[in-house]
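Open the model in your viewer and keep the selection tool at hand. The tour goes from one stop to the next, with something to select at each.

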Amino acid sequence: MRERFVRVATELLDTDPRVAILLADISADAFDAAKSRHPDRVVNLGIREQLLISAASGMALAGMRPIAHTFASFLVERPFEQIKLDLNHQGAGAVLVSSGASFDYSSSGRTHQSPGDVALLGTLPGWTVHVPGHADEAERMLRAAAVGNGLVYLRLSALANATPLAVRRLGFMVLRRGTLATIVAVGPLADAVIDATAGMDVTVLYAPTIRPFDHETLRATLTTPVVVLVEPYLAGTSVAAVADALADLPHRVLGLGVARDELRHYGTPAEHQAAHGLDPASLRAQITGFLGADLVSGRLRMSAR
Amino acid sequence: MSEASTLPRYTYDDLPRLMALMTGDEKHDLAAESTLDVLWVLYDRVLRINPAQADAEPRDRFYLSKGHGPMAFYAILTANGFIDASELPRYGQFDSVLGQHPDRNLLCGAEISSGSLGHGLPIAVGSALGLRAMGLTDDRVFVLTGDGELDEGSGHEAIAFAGRAGLEALHCVVVDNSSATYGWPGGIEARFATEGWSTVRVSGRDHHALEAAFTAPHPGRPHAVVAVV
């Protein structure tokens, strides 16, 4: 996804004079060619992430469309007050594009992992938060963000689904219909959720954009008010959004995702995914446990067909 | 034409009376007063900012980073036709546009919202970059900060980058009232000079010296004016 970001952002620089790329050393080499053509619109600030966000604000106030990029941990968590005040409070728009996600840099340890970025942005109004599951989706999101004026977070990850799922619209997309529960699979965890729920009588929704939360599709496709969120960042991040969407209904909700406790291990992203219970087998076990007796009777019903 | 353009203007001698409308007496908060002459000279003699033609080019941008104690700023904006003097007594009230820290989304004339220290100069760096990228080479950005505010590390990210990037459009006014807890050995201007800025230290009360400092040429470099009060 990061390679696609560089290619598409470079094209946007060529075609839209409002677009500027702000960097903090990360990925700077990848933008060398773009910088040679647009020296004033590709700006590497050095290892200065507070300035990365503040400068994006100042550029927006001057009339530009800034795209700021670094690792998620240094783009959202480190300069969070700059996001809150220099973007939101000023009323300045920007596109923040992160890489690294929750555990792409599994072997780098906690310092380079950002499971809390979406939850943090969730404390602020007005953000569109994209969690693309495929480079094609990321490309479409970036192109749409570049022509707007609002606050957009594009969370790129090395983790991806085998094929693009969301082609046209930003809201949730129905991958499968069932009756016993709704499983909301966010971005690159869709393939794992599809595997995990094979044979289950459940609806699976695909959410490549998690803010704003698509209340309408959740409500429109709801059969039983039982919802499982599967998010590739901090577990439970969108539980409150589900509670808001279903506030008038007695409902149950389970938030699966990256554990709050630090995982003090290195290793591969796949090992981290499994350790957080986000591999297909672990997901299936957790979902089955949550649905409990409903699922057992559902299975009986399915097998009786 | 904006509504503000029809407002009366006031002189320097009116400022104590305008500030008294906010404070209830003429004994001003020291933090507010430290910026009064700097702001007066900027708005009266330097900045190309007109409430009647807020977006006319070329124009300058003034970012009040040191948003604490904004009564002097509000008095200056009133004197320059941005604020109706009748609003001043409502300072700090629930539905006033004049808070204890300015909000650009409430107050015409406040180009940034400020209050938390260490944000204005980095935002100004971005605006100077933006103006350069858009080819608006006649527009300037002035940002007012304080010697205490520069305790925040974010300011030093901005100082170092702006110097090396040669942001000529950027002007940083440091009102130095010796409020930094641990001080700045060699003067705060040394932190700017070592990064390649043009610097000057002047009295923050001397209008002639302030005007000369604000308008001194500094080709290819950002400019820092340390105004001592």
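In which loop of chain A is the place of P212(A)? P212(A) sits in the loop between β10 (209–211) and α9 (215–220) of chain A. Helices (H or I, at least four residues) and strands (E, at least two) are DSSP runs, numbered from the N terminus. Select R211(A) together with P212(A): the peptide bond from R211(A) to P212(A) is cis, with omega near -5°.

This is a predicted model, in which local features need pLDDT of at least 70 and side-chain atom pairs count only at pLDDT 80 or more, while totals for chains, interfaces and linings use all residues. Residues are numbered from 1 along each chain as its sequence is written, and chains are lettered from A and ligands numbered from 1 in the order in which they are written.

**Stop 1: chain A as a whole**

Select chain A. Its secondary structure comes to 12 helices and 12 strands. Along its principal axes, the C-alpha trace of chain A spans about 65 × 40 × 30 Å. The radius of gyration of chain A is 20 Å, which agrees with the value near 19 Å for a compact globule of 305 residues. That radius is taken over C-alpha atoms, and the globule rule is 2.2 Å times the number of residues to the power 0.38.

Now select D25(A), in the loop between β1 (19–23) and α2 (32–37) of chain A. D25(A) is not a glycine, although its phi is positive, at about 75°.

**Stop 2: the two domains of chain A**

Colour residues 2–155 of chain A as domain 1 and residues 173–304 as domain 2. These bounds come from an automatic or database domain assignment. The centres of the two domains, taken over C-alpha atoms, are separated by 28 Å. The contact takes 22 residues from domain 1 of chain A and 21 residues from domain 2 of chain A. Two residues are in contact if their C-beta atoms, placed from the backbone, lie within 7 Å.

On the side of domain 1 of chain A that touches domain 2 of chain A, α6 (117–121) and β5 (127–130) of chain A each supply at least two residues. The largest share, four residues, comes from β5(A). By class, this side of domain 1 of chain A has nine nonpolar, nine polar and four charged residues. Here Ala, Val, Leu, Ile, Met, Phe, Trp, Tyr, Cys and Pro count as nonpolar, Asp, Glu, Lys and Arg as charged, and the others, Gly among them, as polar.

**Stop 3: two helices in chain A**

Select helix α3 (residues 49–61) of chain A and helix α5 (residues 80–89) of chain A. Their axes come within 9 Å and cross at roughly 10°. Axes are lines fitted to C-alpha atoms, for helices over the stretch in contact, and angles run from 0 to 180 degrees between N-to-C directions. α3(A) and α5(A) are therefore roughly parallel to each other. Angles under 35 degrees count as roughly parallel, over 145 as roughly antiparallel, 65 to 115 as roughly perpendicular and the rest as oblique. Show the side chains where Q50(A), I53(A), S54(A) and S57(A) of α3(A) meet Q82(A), I83(A), D86(A) and L87(A) of α5(A).

**Stop 4: from chain A to chain B**

Keep α3(A) selected and add α6 (153–165) of chain B. What is the angle at which the axes of α3(A) and α6(B) cross? The angle is roughly 75°, and the axes come within 9 Å. The two helices are therefore roughly perpendicular to each other. Q50(A), L51(A) and S54(A) in α3(A) meet S154(B), E157(B), A158(B) and F161(B) in α6(B).

Widen the selection to the contact between the chains, which takes 22 residues from chain B and 25 residues from chain A. On the chain B side, the largest share, 11 residues, comes from α5(B). That side has 11 nonpolar, eight polar and three charged residues.

**Stop 5: chain B**

Select chain B, with eight helices and five strands. The C-alpha trace of chain B spans about 45 × 40 × 35 Å along its principal axes.

Finish with helix α1 (residues 15–23) and helix α4 (residues 71–79) of chain B, which pack at an angle of about 125° with their axes 9 Å apart. α1(B) and α4(B) are therefore oblique to each other. Among the residues in this contact are L15(B) and L18(B) of α1(B) and M71(B) and A72(B) of α4(B). The contact residues divide into nine nonpolar, two polar and no charged.
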